[in-house]
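Subject: Structure for your review

Dear colleague,

Please find below the structure that I am handing over to you. I would be grateful if you kept it open while you read the notes that follow.

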Amino acid sequence: MSRRHKPPKRVPAPDSVYDNVRVAKFINRLMLKGKKSLSERIVYGAMEMLEGKADGAKPLEIFLEALDKARPLVKVKARRVGGSTYQVPMEVNDADGEAICSRWLILYARARNGRTMMEKLASELLDTYRGNSATLKKREEVHKMAEANKAFAHYRF
């Protein structure tokens with residue numbers, strides 16, 4: 001494999017309703033078994049449910065704010081050194097942070113009790129926007145783990 005250059009990042013086309021790349025990426029991450037139309041229906045339905053729920057904020061604002069609040073700043077990565085495995089804290093770049101927080105939002109939305117995925121996703125986004133969701137607890141847990149293993153930061157690679 002050639003090591004001369006990295007391939008350029010592929011940016012998906014913006015979604016059709018909100019004309020936003022971050023929403024398009026979220027739709028792609030939610031998709032299962034190639035069923036993009038179902039994924040779009042879930043996301044757009046959840047955004048419609050968010051309409052008028054949070055102090056007059058628009059659904060796109062709620063969605064983007066929830067993504068920003070849930071984005072981790074550090075993560076821990078297992079590194080094997082001399083027979084021992086250390087949890088090494090590493091900074092997260094913007095693209096990786098957005099991917100991680102999207103996965104967490106989808107995971108905890110699926111785990112919620114509710115009737116439809118639209119309702120579960122809407123309530124998880126709204127709770128994250130307001131500051132009390134399982135996604136934010138996961139973010140704090142990862143940050144605490146990184147803080148606890150700060151002594152192993154010199155094993156960064």
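In which loop does Asp55 lie? Asp55 belongs to the loop between α2 (36-50) and α3 (59-70). Please bear in mind throughout that this is a predicted model.

Is Asp55 buried or exposed? Its relative accessibility is 83%, and a residue counts as exposed when this value is over 50%. Asp55 is therefore classed as exposed. You may also wish to locate Asp94, which is 39 residues away from Asp55 along the chain. The C-alpha atoms of these two residues are separated by 28 Å.

Ser39 offers a contrast in accessibility. This residue is found in helix α2, and its relative accessible area is 3%. Because the limit for a buried residue is under 20%, Ser39 counts as buried. Which residues does Ser39 touch, once its neighbours within four places in sequence are left aside? Ser39 is then in contact with Ile27, Leu30 and Met31.

Turning to the overall fold, the secondary structure of the protein consists of 6 helices and 2 strands. Along the sequence, these elements follow the pattern α-α-α-β-β-α-α-α.

The two strands deserve a separate look. Strand β1 covers residues 74-81 and strand β2 covers residues 84-91. They run antiparallel and are joined by 8 bridges. Within this pairing, Val76 stands opposite Pro89 in β2. The strands form a hairpin, with 2 residues between them. Gly82, in the turn, has a positive phi of about 55°.

Some figures describe the protein as a whole. Its C-alpha atoms fill a box of roughly 55 × 40 × 25 Å along the principal axes. The protein has 157 residues, of which 36% count as buried. Among contacts with a separation of 6 or more, 60% are between residues 24 or more positions apart. The exposed area is about 10300 Å², and carbon and sulfur atoms supply 50% of it. As for charge, there are 32 positive and 19 negative side chains, and the centres of the two sets lie 10 Å apart.

Finally, how confident is the predictor? The mean pLDDT of the protein is 90, and 97% of its residues reach 70 or more. Among the elements, helix α1 (residues 21-30) has the highest mean pLDDT, at 96, and β2 has the lowest, at 84.

Yours sincerely,
A colleague

Conventions
Residues numbered from 1 in each chain as written. Predicted model: local features only at pLDDT ≥ 70, side-chain atom pairs only at ≥ 80, totals over all residues. Heavy atoms only, no water. Pairing = 2+ DSSP bridges. Helix = DSSP H or I, 4+ residues; strand = E, 2+ residues; numbered from the N terminus. Buried < 20%, exposed > 50% of the residue type's maximum accessible area, 1.4 Å probe, protein only. Contact = heavy atoms within 4.5 Å. pLDDT = per-residue confidence, 0-100. Areas by Shrake-Rupley, 256 points an atom, 1.4 Å probe, with all protein chains shown as cover. Lys, Arg positive; Asp, Glu negative; His and termini not counted. Charge placed at Lys NZ, Arg CZ, Asp CG, Glu CD.
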